[in-house]
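Open your viewer and keep the sequence panel beside the picture. We will go from one selection to the next, with a short note on what to look for at each stop.

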There are 2 protein chains.
Amino acid sequence: MNIWGAAERLGISAERLERMLGRIVRTNDWPEPRLMRFDKAVSGIEAGTVVFDDGDIVYGYPKIRRAMMLAPAIKRHFSGGLLVEEKMNGHNVRVARAGGRTVALTRGGFICPYSTEVAEGQIPSEIFDDNPGIVLCGEMVGPKNPYVPKDVYSAEAMDFVLFDISRKGKRDMEGSKAAHAIAEEYGVRSVRLFGSFGIEEAADEIREIVEDLGSRGREGVVIKDPENLLSPVKYTSSESNCRDLEFAFRYYNDYGQDFFFSRVVREGFQAAEWSDAAAEFEARCLRLGRSMLRPMRETVEAKIAGDEIVQEAEILVRDLQTAVDFEEHYRRMGVRAIFEPPRAARGGFLVKIKRLVLSTNDKTGSVIQGQLW
Amino acid sequence: MNIWGAAERLGISAERLERMLGRIVRTNDWPEPRLMRFDKAVSGIEAGTVVFDDGDIVYGYPKIRRAMMLAPAIKRHFSGGLLVEEKMNGHNVRVARAGGRTVALTRGGFICPYSTEVAEGQIPSEIFDDNPGIVLCGEMVGPKNPYVPKDVYSAEAMDFVLFDISRKGKRDMEGSKAAHAIAEEYGVRSVRLFGSFGIEEAADEIREIVEDLGSRGREGVVIKDPENLLSPVKYTSSESNCRDLEFAFRYYNDYGQDFFFSRVVREGFQAAEWSDAAAEFEARCLRLGRSMLRPMRETVEAKIAGDEIVQEAEILVRDLQTAVDFEEHYRRMGVRAIFEPPRAARGGFLVKIKRLVLSTNDKTGSVIQGQLW
């Protein structure tokens, strides 16, 4: 790999990039093509930024900041008007052509073999023939998403849903309009656009949208500047916050405490902003409490019954090699998981994955045997 | 201060103690008498251990570990039988005679002027005349406790409640029986002893005691070995866990996230162990959710209404100098608080204390002005 060329295109000195190698910047030889990956953000370079062997750069997808209180955040952050799109609940990928083939990069800059197979199947290759430098930023969602399995989308297995586009070598996103135009032109699935709103009416409109999304098990919205000059802002439903907690508390000792805390705090601000009436507030409190205690209680009871606590997911692969590669991908990411033998199914092969949650197993096991805290 | 003598009595080398000075071991010149204080635990010396200028050592009160699941913890930890005492909810002090006067040491090894005044008033000095080396370990509880104000005890202001005794220069506690004997002999208030139970029946009995305590706003129990050979174990009620959360979420950004997490986890284990029926479980979930959301919502609403978020407490001092000294004590501990002018009251002077919760004020203030997370 040409360090000097890469450094120049990244806008940093070659000496600095060399010093980062092996610590902040890692080299991945597998799967093809070979790439350098920024493990952490450094001076203007997002974490997850990738430099392919041929010198092409795909910048990391920038973190979207969160509104904790909708109305003041909108007034402070936007001007004129705004667009509201659905925020999908899956994993973020950037799809680009690299080394002559379509690859799907995870947030961290790994090529995910399973996401890549899905992207290859769902994104017409003409899009890359016509726009060789294009980077399609989207969410992989559906029940067969191994990272975030969700039944609430129309996806049968895992679908790619476009929400923005970028270009190789460019840090900036081209925004909602450009993304929807590309999606329409090439028949690529894209996120739902709820519409465009004025600043004054936006908070009320978004509240309605988010409450409706929440009641249907969906996550929330991303609010965007129609002119794509300001960075987007996200906002999520109470039900989504609670569903996150419900998932995480099943594996309570394997998640960071900030994961729990941040979601409770979101609920507190939402209850205050939306001035929950007594009954609504009661329902919110119950939902929150239950989203933590029910899964945790089930975990403890399962462990008492002698069951191992595992995080189960399933993938649907067209090609058996993809399952093999995905297992290797997990291994390289340090995820400990057991892959069951593939079963033939409509559309390919189903593979059940049992991810080990060691810390929760150990902690629960020792507490039910009387260990003190 | 004689470092060599102190080191020898502590059982460490003088060189080691000298290296600790200013980092792990701090010198306090105020209030009298002068002392060295272990800020952190080191090889066999508890945090909060104090060496007075005259060479007397008062060891730190050992941390009592917590049962997360009562029945297995009891079976694993105790043998033969056990004693159950009430765990009071206040702050832990060690009261001893030092430099010719009675002093109350906080957990961290500071002489607290307010706790000292209370101890002087409530503990007959004969106890120290007759037992010069005695260290009285107890809880300061009541509505005028500035650290943990609680209305649920019979205390009018702040009461000292004895739960164990130790001796200067000794690391070990003398246990429940010795403590209650001293309390009776000298007319010192002591913690309630619920009784002595066999290992098999204990978990059910303690559950009943803890549920009853919880329903009356009390904290929980400490389980002790009747022979004082095994270290005690604590266990708390759901209501107490939730009241902790209720207090802390009012100042949500000034508390550690482990404070929140640990209390939720306790609830999860208790729900599993006690096999909550549907309605009880619902009530527990609601209680938990509400204990987090209600105070946080009130904080946000207060801030929107333009109020400053402060943690209010009040002390009742006999001597005005005690209030002045307590203010200095807070200052030295790094607590930022505003002391209002004293008002004459039955038994002395009432002083309102407003402790600033800067982080919660800042965070809430910026979020209601639209700052993103």
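Which strands and which helix are included in what covers the buried residues of H4(A)? Hold that thought for a moment while we set up the numbering.

This is a predicted model, where local features need pLDDT of at least 70, side-chain atom pairs count only at pLDDT 80 or more, and totals for chains, interfaces and linings use all residues. Residues are numbered from 1 along each chain as its sequence is written, while chains are lettered from A and ligands numbered from 1 in the order in which they are written.

**Stop 1: an enclosed helix**

Select residues 113-122 of chain A, which form helix H4. Helices (H or I, at least four residues) and strands (E, at least two) are DSSP runs, numbered from the N terminus. Eight of the ten residues of H4(A) are buried, so the rest of the structure largely encloses this helix. A residue counts as buried if 20 or more other C-beta atoms lie within 10 Å of its own, as exposed if 12 or fewer do, and as partly exposed in between, with C-beta atoms placed from the backbone. To colour the buried ones, pick A:Pro113, A:Tyr114, A:Ser115, A:Thr116, A:Glu117, A:Val118, A:Ala119 and A:Gln122.

Now for the answer to the opening question: the cover includes strands S7 (91-98), S8 (101-106), S9 (134-141), S10 (159-167) and S14 (310-317), along with helix H11 (320-333), of chain A. Contact here means that the C-beta atoms of two residues, placed from the backbone, lie within 7 Å.

**Stop 2: a five-stranded sheet**

Stay in chain A and find the open sheet with the order S5-S13-S12-S6-S11, whose pairing is mixed. Two strands pair if DSSP finds at least two bridges between them. At the edges stand S5(A) and S11(A) (193-198), each with a single partner strand, so one side of each has no neighbour in the sheet. Further in, S6(A) (residues 81-87) and S12(A) (residues 220-224) run antiparallel and are joined by five bridges. For a landmark, label A:Glu85, which stands opposite A:Val222 in S12(A).

Next, add helix H7 (residues 199-215) of chain A, which packs on the sheet and touches S6, S11, S12 and S13 (233-236) of that chain. The direction of H7(A) makes about 155° with that of S11(A). Such angles run from 0 to 180 degrees between N-to-C directions, and axes are lines fitted to C-alpha atoms, for helices over the stretch in contact.

**Stop 3: a helix pair**

Show H9(A) and H10(A), which pack at an angle of about 175° with their axes 11 Å apart. They are therefore roughly antiparallel to each other; angles over 145 degrees count as roughly antiparallel, under 35 as roughly parallel, 65 to 115 as roughly perpendicular and the rest as oblique. Turn on side chains for A:Val264, A:Glu267 and A:Ala271 in H9(A), which meet A:Phe281, A:Arg284 and A:Leu288 in H10(A).

**Stop 4: where the chains touch**

Bring chain B into view. The contact takes 41 residues from chain A and 41 residues from chain B. On the side of chain A that touches chain B, the elements giving two or more residues are S5 (65-66), H3 (70-77), H9 (257-273), H10 (278-304) and H12 (358-368) of chain A. H10(A) gives the largest share of that side, twelve residues.

How are the two chains related? A rotation of 180° with 0.0 Å of shift along its axis superposes chain A on chain B, with an RMSD of 0.0 Å. That is the relation of a two-fold axis. The superposition is by least squares on the C-alpha atoms of residues with pLDDT of at least 70 in both copies.

**Stop 5: a hairpin in chain B**

Select residues 91-98 of chain B, strand S7, where seven of the eight residues are buried. S7(B) pairs antiparallel with S8(B) (residues 101-106) over six bridges, and B:Arg97 has B:Thr102 as its bridge partner in S8(B). These two strands form a hairpin with two residues between them, and B:Gly99 in the turn has a positive phi of about 60°. S7(B) also runs antiparallel to S9(B) (residues 134-141), joined by five bridges; look there for B:Asn92 opposite B:Glu139.

**Last stop: one buried valine**

Centre on B:Val25 in strand S1 (residues 25-28) of chain B. B:Val25 is buried, with 23 other C-beta atoms within 10 Å. Not counting residues up to four places away in sequence, B:Val25 touches B:Leu17, B:Met20, B:Met36, B:Arg37, B:Phe38 and B:Asp39.
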